[in-house]
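Here is a short tour of one protein model and the places where it makes room for other molecules. Have the structure open as you read, and follow along from the ligand outwards.

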Amino acid sequence: MRIDILTLFPEMFDGPLGMGIVQRARQAGVVEIVATNLRDFATDAYRKVDDAPFGGGPGMVMMCQPLYDAVEHLQGEGGRPGRVILMSPQGRPFTQRVARELAALDRILLVAGRYEGFDERVREGLADDEISLGDFVLSGGEIPAMAVTDAVVRLLPGALGSEASLDEESFAGGLLEYPQYTRPRSFRGMDVPDVLLSGNHAAIQAWRAEQARLRTQQRRPDLWADYNDTTRRE
Ligand code: SAM
């Protein structure tokens, strides 16, 4: 898979996407990640990519021309065009389901906004999709682009040491993950549940399944309702 990120701050990506699972996936050739500076596509001497909004108001708006030129240039690279996705608080919420959908694609281009966001014609004529990290406003789309990249890369075949961990973790089956423990058995008066030390795999599985249900019910009634709807339909 290839992931392009169009941003005013490509250097922000070196740290988070240059370590751990994502870095190992890059080294193994599972994913190619290319961060491109939008300013390279500005046409004036000041490398300007934003301008004042028509109709007045605070802040600046990202202009069409550098964004169109950059995306069209990138789409011509890498052999195959990809889905162009704006990072935007107005987009569809990012979830594990969306991460799985994106991980099935050959290529995606994530566009990180800054200032007051994009000229509306970027939405109309350039973007295929718009994704929000949540109902809050960040100062730029870089952190959402990193979050999307990380969540997508770890789903790619070959990215994780053990693919089984994907099946067990939160959201995989529509539930939050069960509680996990490691050594020591007792820490500051808090003990590991006996069942996990029993060696009885069926009992352990049943306990984990029950804990996942309880946890989801208590913490995320919205997920719990979806889970029940889905299991009723199946
Ligand atoms: N004025 C815009 C609005 O009200 O919708 C917000 C602009 S925000 C300050 C600048 C950029 O940060 C956005 O263009 C977007 O790329 C990114 N951004 C901010 N919050 C985000 C979120 N929750 N999800 C995804 N991207 C976000």
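## The ligand and its polar contacts

Let's begin at the ligand, where a backbone N or O atom of S88 lies 3.2 Å from one of the ligand's nitrogen atoms. Please keep in mind that this is a predicted model. G113 also takes part through its backbone, with an N or O atom 2.9 Å from an oxygen atom of the ligand. At F136, a polar backbone atom sits 2.8 Å from a ligand nitrogen. How much of the ligand's accessible area does the protein cover? On its own the ligand has 590 Å² of accessible area, and the protein covers 86% of that.

Widening the view, you will find 21 residues around the ligand. Those that come nearest are M87, Q90, G113, L133 and F136. G113 and F136 therefore deserve a second look on your screen, as each is in that nearest group and each also has a backbone polar atom facing a ligand atom at the distances given above.

## Two domains

Next, step back to the whole chain. Its domain assignment gives domain 1, residues 2-153, and domain 2, residues 170-233. Taken over C-alpha atoms, the centres of domain 1 and domain 2 are 36 Å apart.

## The largest pocket

Which parts of the chain line the largest pocket? Domain 1 and domain 2 each contribute at least three residues to its lining. The space in this pocket comes to about 490 Å³, and 18 residues line it. Nearest its centre are T95, R97, F171, G174 and L223.

Two helices stand out in this lining: α3 (96-103) and α8 (221-233) each supply at least two residues. The largest share belongs to α8, which provides eight residues. Sorted by class, the lining holds eight charged, six polar and four nonpolar residues.

## The second largest pocket

The second largest pocket contains about 400 Å³ of space. Its lining is made up of 22 residues, and M87, S88, P89, V137 and L138 are the closest to its centre. Two of these names are familiar from the ligand: M87 is among the residues that come nearest to the ligand, and S88 has the backbone contact to a ligand nitrogen.

Two strands, β5 (83-93) and β7 (129-132), are the elements that give two or more residues to the lining of this second pocket. Of the contributors, β5 gives the most, with four residues. What is the make-up of this lining by class? It divides into 10 nonpolar, nine polar and three charged residues.

## Backbone details worth a look

Two spots in the backbone are good places to zoom in. R183 and P184 are joined by a cis peptide bond, with omega at about 5°. You can find P184 in the loop between α6 (164-168) and β8 (186-187).

The other spot is Y115, a residue other than glycine with a positive phi, near 55°. Y115 is located in the loop between β6 (107-111) and α4 (120-125).

Methods: Residues numbered from 1 in each chain as written. Predicted model: local features only at pLDDT ≥ 70, side-chain atom pairs only at ≥ 80, totals over all residues. Heavy atoms only, no water. 1 Å grid on protein atoms, 1.4 Å probe; cavity = no way out; pocket = protein on both sides within 12 Å on 5 of 7 lines; lining within 4 Å. Points joined across faces, edges and corners; volume = space filled by probe spheres on them. Nonpolar A, V, L, I, M, F, W, Y, C, P; charged D, E, K, R; others polar. Domains from an automatic or database assignment. Near = heavy atom within 4 Å. Polar contact = N/O pair within 3.5 Å; in protein donor to acceptor, adjacent residues only side chain to side chain. Areas by Shrake-Rupley, 256 points an atom, 1.4 Å probe, with all protein chains shown as cover.
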